[in-house]
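Please open the structure in your viewer and keep the selection tool at hand. The tour below goes from one selection to the next and says what is found at each stop.

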Amino acid sequence: MTETSEFAGKTALITGAASGIGAACARWLDGQGIGKLVLIDRDKLALDALPLTCAAERIHGDVADPSLWVHISGHLDGLAYAVINAGVPTGGAVADIDIVEWRRVMGINLDGAFMALRAALRPMIKAKSGSIVTVGSATALKAEPGTATYAASKAAVIQMSKIAAKEVANKGVRVNVIAPGGVDTAIWDATKGFDTMIAKAGSREALMETMAQASTPIGRFATPDEIAGQIGFLLSDAAGYITGHVLTSDGGYSL
């Protein structure tokens, strides 16, 4: 007799779903028999190309755009799970950060996470059931030069998620955070100066290995699929007594 997954027939929302951790979460939930995925990303081509067997509503848009969430609010009835993952990288010392860049990153990483969290909470509170995981970062937990904008945005996401968890704990809804360290995703390729670093290292693979060994006690970066499995655990009934928790998955980076 085949055991039915707890995810079977249910609906999940994933932001930043076209690549990296978001795409890995879509694949993981698809493998668990999820009934429907509501997927959001700015990269329409990659989003449309994501191979899935479940029903999938693929929405091309910017999570920082309030009008997107006005549109999506009508698509989330019966929402059971949410992975709030969309984010962009940036770098620079505090004294050198341009306010336009600061606001761009905060708009996506924090404002976008807020609007996604708010949109996911509303149908879950109504149903008195649901599980949400937001994606923070180990950089929000450990001070590193050059990470102020990104780290501050993720630190705010962590605190916002904890507050939300406390607000809805008695309403049948759980909110947790995963704080990854280095993960081998395309977010690195969008980082300023990464192409120059690759040229010096000889290849992307060599650069990633060097960075991982220099910064992570375990000696490697995580794969998106590893992080997706951990997010899946936090979403699942196996974590049913866990809320407001920050799961640090960084190979020892923050020690």
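Begin by selecting methionine 124, which is buried, with a relative accessible area of 0%; buried means under 20% relative accessible area, exposed means over 50%, and partly exposed lies in between, for a 1.4 Å probe and with protein chains only. Before going further, note that this is a predicted model, in which local features need pLDDT of at least 70 and side-chain atom pairs count only at pLDDT 80 or more, while totals for chains, interfaces and linings use all residues. Residues are numbered from 1 along each chain as its sequence is written, and side-chain values use heavy atoms, with hydrogens and water left out.

Staying with methionine 124, colour helix α4, residues 99-127, to see the element in which this residue is found; helices (H or I, at least four residues) and strands (E, at least two) are DSSP runs, numbered from the N terminus. Now show what surrounds the side chain: leaving aside residues up to four places away in sequence, methionine 124 touches Leu79, Ala80, Tyr81, Ala82, Ser129, Gly130, Ser131, Ile132 and Val173, where contact means heavy atoms within 4.5 Å. Leucine 79 is 45 residues from methionine 124 in sequence, yet the two are 6.4 Å apart in space, C-alpha to C-alpha.

Tyr81, one of the residues that methionine 124 touches, leads to the next stop. Select Phe7, Trp28 and Tyr81 together, since ring pairs link these three into a cluster. Rings of Phe, Tyr and Trp (its six-membered ring) pair if their centres lie within 6.5 Å, and planes under 30 degrees apart count as stacked, over 60 as edge-to-face and the rest as tilted. By this rule the count comes to 2 aromatic pairs. Phenylalanine 7 and tryptophan 28 form an edge-to-face pair, with 5.4 Å from centre to centre and 85° between the planes. This pair links distant parts of the chain, because phenylalanine 7 lies in the segment before β1 (11-15) and tryptophan 28 in helix α1 (residues 20-31), 21 residues apart. Is tryptophan 28 buried or partly exposed? Tryptophan 28 is partly exposed, at a relative accessible area of 24%, whereas phenylalanine 7 counts as buried at 2%.

Turn next to phenylalanine 7 and tyrosine 81, whose ring centres are 4.8 Å apart with planes at 45°, so this pair is tilted. Tyrosine 81 belongs to strand β4 (residues 79-84) and is 74 residues from phenylalanine 7, so here too the pair links distant parts of the chain. Both phenylalanine 7 and tyrosine 81 are buried.

For the following stop, select cysteine 25 and cysteine 54. A disulfide is a covalent bond between the sulfur atoms of two cysteines. The structure holds 0 disulfides, a disulfide being counted as a pair of cysteine sulfur atoms within 2.5 Å. The closest cysteine sulfur to that of cysteine 25 is in cysteine 54, 13 Å away, which is too far for a bond. Cysteine 25 is buried at 2% relative accessible area, and cysteine 54 also counts as buried, at 13%.

Finally, zoom out to the whole protein, which has 8 helices and 7 strands. Its C-alpha atoms fill a box of roughly 50 × 45 × 35 Å, taken along the principal axes, and 46% of its 255 residues count as buried.
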